[in-house]
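Colleague: I am new to this one. Please walk me through a few features and how to read them.

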Amino acid sequence: MPEYLPTAPYRGTRDFLPPEMSVRTQVFGKLYEVIERYGFQRYDGPILESAEIYEAKSGEEIANQQLYTLTDRGGRRLALRPEMTPSVARMIAGHAGALQFPVRWYSHPNCHRYERPQRGRVREHWQINVDIFGSTSANCEIEIFELIHDMLVSLGASEDMFVIRANDRNLLSSALTDVVGVPSEQLTEVFGLVDRWEKVERDKLAAAATEIGLTDKQFEKLSDVLGSGTDLLAELPSEVTENSNLVKVLRSGSADLVRFDPMIVRGLAYYTSTVFEVFDTSPENRRALFGGGSYSDLASLFTPQQIPGLGFGMGDVTLMDFLKTHDLLPQPRNEVDVVVIPVAEDLEDAARSVATKLRREGLRTSVPLEPRKLGKELTRADKAGARAVVIVGQEDWDAGNVTIRSLTTREQRQVALEATPAAIAELLDE
């Protein structure tokens, strides 16, 4: 017996058959439409980048544990992109002289991370990235929060199905040093502790805090700080709060778009102030769906020019889980609208000419590729989801006519060839 190669995809990657691809196309198409209504322009970049840009800016977890790396024949260390932000920063820096800032860009790349596959995590995913570069105005945060709301609502979500929880790393740094009493040299470790706060049991958090060097009193104070919500802002120095874009949002007419949450940290190393995560509020899927934040110096890896940015990445896996949880996934589209069936092989050219007329009117139209009996072709057309067929018979064709048939009502009638597109369109509207 011959040994065949496996048909399953590489672990952590997925095949998308036409029905699932149809669902994805509908979902992402709606999101593209909303993003572009805000004036964002789509871009793309290479899937291979220098490994150095991720090791420098993406954080230890991605760089040391999740990066797919290779060495090319020239000895250059490359990586499959695990995320898009370092790439877009490189592109922005490289073309800064030709750009009119601020710029609004978005993309939808596939990204690769060597993760342990589980619910919500795979090794290859698609992620919509939306970024504003070249402005430090709080209006950037407001626009991003508005956009996220509009994107999810466009998919059928009501605003009680999700919440944007946001923080400012500068506010958290001040809270840790000025309120909890954490020495500045311990901030990075405590940030990591806060990032795990909702994911780890309290006794393990306390043990980790002790290992970092926090006292029991500091740990209790940290717990109070993280649960204090907007009350925390009153305890912070005014020079810290007055310089926070997030505080400006919370004091604006857009405050209802977001909830202040000191526990939001985000693990990526390049975030510098505002950070946020979007959470599903359903008890069945109470988890972070996606997130983002601001980065004041990411482009400095490539240029001395300081180009601030703010953005987010929306991954396809958690988005689809969210839509499934709330029963918001669209149905797959049918294969075709119309099938044109010749009753004999010598009428195949005639059938193709009819199909061409229908396609020019925007109708998805197919013609059988192999000769079969009319009954079998009608069955195939029905299974393909077609709502109508055009039957091309010899006598009809000689007289300049065809027969159109509704696969919904099973009614059929003869129409003139030149009237076929209009007749089919009318039938499909019924």
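Modeller: We will go through helix packing, exposure and backbone geometry.
This is a predicted model: local features need pLDDT of at least 70, side-chain atom pairs count only at pLDDT 80 or more, and totals for chains, interfaces and linings use all residues. Residues are numbered from 1 along each chain as its sequence is written, and side-chain values use heavy atoms, without hydrogens and water.

Colleague: At what angle do the axes of helix H13 and helix H16 cross?
Modeller: Helices (H or I, at least four residues) and strands (E, at least two) are DSSP runs, numbered from the N terminus. Axes are lines fitted to C-alpha atoms, for helices over the stretch in contact, with angles from 0 to 180 degrees between N-to-C directions. Here H13 (residues 348-360) and H16 (residues 420-429) cross at roughly 60 degrees, and their axes come within 9 Å. Angles under 35 degrees count as roughly parallel, over 145 as roughly antiparallel, 65 to 115 as roughly perpendicular and the rest as oblique. H13 and H16 are therefore oblique to each other.

Colleague: Is Glu348 in helix H13 exposed or partly exposed?
Modeller: Buried means under 20% relative accessible area, exposed over 50%, partly exposed in between (1.4 Å probe, protein chains only). Glu348 has 23%, so it counts as partly exposed.

Colleague: Which residue has a positive phi of about 55 degrees?
Modeller: Asp327, although it is not a glycine. Asp327 sits in the loop between helix H12 (316-325) and strand E13 (338-342). At 68% relative accessibility, Asp327 counts as exposed.

Colleague: Which peptide bond is cis?
Modeller: The one from Phe101 to Pro102, with omega near 0 degrees. Pro102 lies in the loop between helix H4 (85-94) and strand E5 (103-107).
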